[in-house]
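Some structural terms are only as clear as the cut-offs behind them. Please go through the following questions with the model in view, setting each value against its definition.

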Amino acid sequence: MKTLYYKIKDFLFRDVKRENEAKDTAILLRLLTLLSTVYYILLVVVSFRCLPVWSILFAVASIVLMIVIFSSSYRDKTAICLYSYSAVSAIFFSVFALISGTNFGFQYIALFSIFLVFFRTEGTLAYKYTYAITTGILIAVITLIAGTHDYAKIDQSFVFKFILMLNVVYAMIVAIMISRFFCLKFSASEHKILQYSKKLEQLASVDALTGLQNRRSMMQHLEKLAKNYENSEIPFSIVIADIDHFKSVNDTYGHDTGDYVLKKLAEVFRGFMAERGHVARWGGEEFLFTFEGNNADYIFVELNNLKTLIKDTRFHFNDFDLNITMTFGLEEFDSGAGLLNVISKADQKLYIGKEQGRNRVIY
């Protein structure tokens with residue numbers, strides 16, 4: 001039994017071959033055509049004594065068309081199938097509304113075809129509006145003239161009650177199927193957009209070469225730290241660092257070597273700053289660090305450890321061993337001075353360190 005279920009499921013959910021065809025739309029059409037076929041058969045079986053022969057033949061023809069639409073959904077004809085299904089459904093319910101009168105509400109079931117036409121992303125709006133208005137006019141006309149001829153003779157009998165309930169159940173299932181399909185489709189699209197938006201946001205906040213935060217992202221983080229400081233007075237310090245003699249590395253060994261040094265340093269920084277704060281590529285060979293939760297005296301010791309770590313790290317590229325050192329300017333945040341002034345003071349201390357011989361921390 002389970003094997004049969006999976007075989008039927010695989011058959012119904014089989015993918016379309018052409019890339020520009022929508023698999024999910026094809027699957028929805030298959031399910032709707034199967035449901036409609038079962039509905040038409042039940043309707044004919046129950047009401048064939050109450051209806052004229054030509055209407056039974058019309059119902060049989062509709063069943064055949066549904067089977068054709070179902071099989072065509074496997075032949076990369078999704079758009080044609082969708083419009084054909086909508087048209088057949090609208091005509092079928094209109095005809096049965098004319099035959100049986102308005103009590104059954106056949107004509108209103110035709111409204112569901114508008115959902116299918118509108119929810120499909122392909123197709124012009126002009127066509128969709130035309131289809132919707134035409135269907136609305138058709139329903140209005142049928143509502144006015146239905147039941148004015150000899151065939152409107154189905155009364156409050158078992159047949160009446162059965163058809164009435166059948167229409168309610170059919171309309172409910174179709175509404176659920178179409179709504180669920182497009183709800184999932186739109187949710188999936190929204191999820192993809194959100195994921196893409198997050199990816200773009202991440203790309204916009206990361207330095208492409210080193211993978212560290214970029215200047216824009218770090219400024220946003222600094223502003224948050226400054227705001228939090230006003231509320232909680234949690235200390236943090238700003239450090240601006242620069243690679244010593246980096247220009248000579250590029251001039252002597254080439255820019256590929258310079259890129260290697262920047263990426264290698266980024267790895268060192270990520271490991272060192274994991275539980276201490278954040279680091280960003282501030283520009284060129286400059287980096288900005290935020291040490292959070294400790295005062296500058298403690299951070300001064302930490303920076304000297306980082307300075308030693310960098311000096312002891314092996315930088316080897318294209319058979320060359322490079323001696324890389326860095327100079328650091330440290331300034332503890334002071335809300336009275338303001339964020340930009342604190343950054344400027346850290347930068348000034350960096351240049352003092354450069355003038356004093358490099359490879360040092362200035363506090």
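**Helix contacts and strand pairs**

Q: Which residues of helix 11 meet helix 12, and what makes this a contact?
A: L265, V268, F269 and F272 in helix 11 meet E302, N305, L306, L309 and I310 in helix 12, where contact stands for heavy atoms within 4.5 Å. The model is predicted, with local features needing pLDDT of at least 70 and side-chain atom pairs pLDDT 80 or more, whereas totals for chains, interfaces and linings use all residues. Residues are numbered from 1 along each chain as its sequence is written, and side-chain values use heavy atoms, without hydrogens and water.

Q: How is the contact of helix 11 with helix 12 made up by class?
A: It has 7 nonpolar, 1 polar and 1 charged residues, with Ala, Val, Leu, Ile, Met, Phe, Trp, Tyr, Cys and Pro counted as nonpolar, Asp, Glu, Lys and Arg as charged, and the others, Gly among them, as polar.

Q: At what angle do helix 11 and helix 12 pack, and how far apart are their axes?
A: Helix 11 (residues 255-273) and helix 12 (residues 296-312) pack at an angle of about 145°, and their axes lie 11 Å apart. The axes are lines fitted to C-alpha atoms over the stretch in contact, with angles from 0 to 180 degrees between N-to-C directions.

Q: Why is helix 10 called oblique to helix 11?
A: The axes of helix 10 (residues 246-253) and helix 11 cross at roughly 140° and come within 6 Å. Helix 10 is therefore oblique to helix 11, because angles under 35 degrees count as roughly parallel, over 145 as roughly antiparallel, 65 to 115 as roughly perpendicular, and the rest as oblique.

Q: What makes strand 2 and strand 6 mostly covered?
A: In strand 2 (residues 277-283), 5 of the 7 residues are buried, and in strand 6 (residues 326-332), 6 of the 7 are buried. Buried means under 20% relative accessible area, as opposed to exposed (over 50%) or partly exposed (in between), with a 1.4 Å probe and protein chains only.

Q: How do you know that strand 6 pairs with strand 7?
A: Strand 6 is joined to strand 7 (residues 361-362) by 2 bridges, running parallel, and they count as paired because DSSP needs to find at least two bridges. The bridge partner of G329 is I362 in strand 7.

Q: Which strands run antiparallel to strand 6 and strand 2?
A: Strand 1 (residues 236-243) runs antiparallel to strand 6, with 7 bridges, and strand 3 (residues 286-292) to strand 2, with 6 bridges.

Notes: Helices (H or I, at least four residues) and strands (E, at least two) are DSSP runs, numbered from the N terminus.
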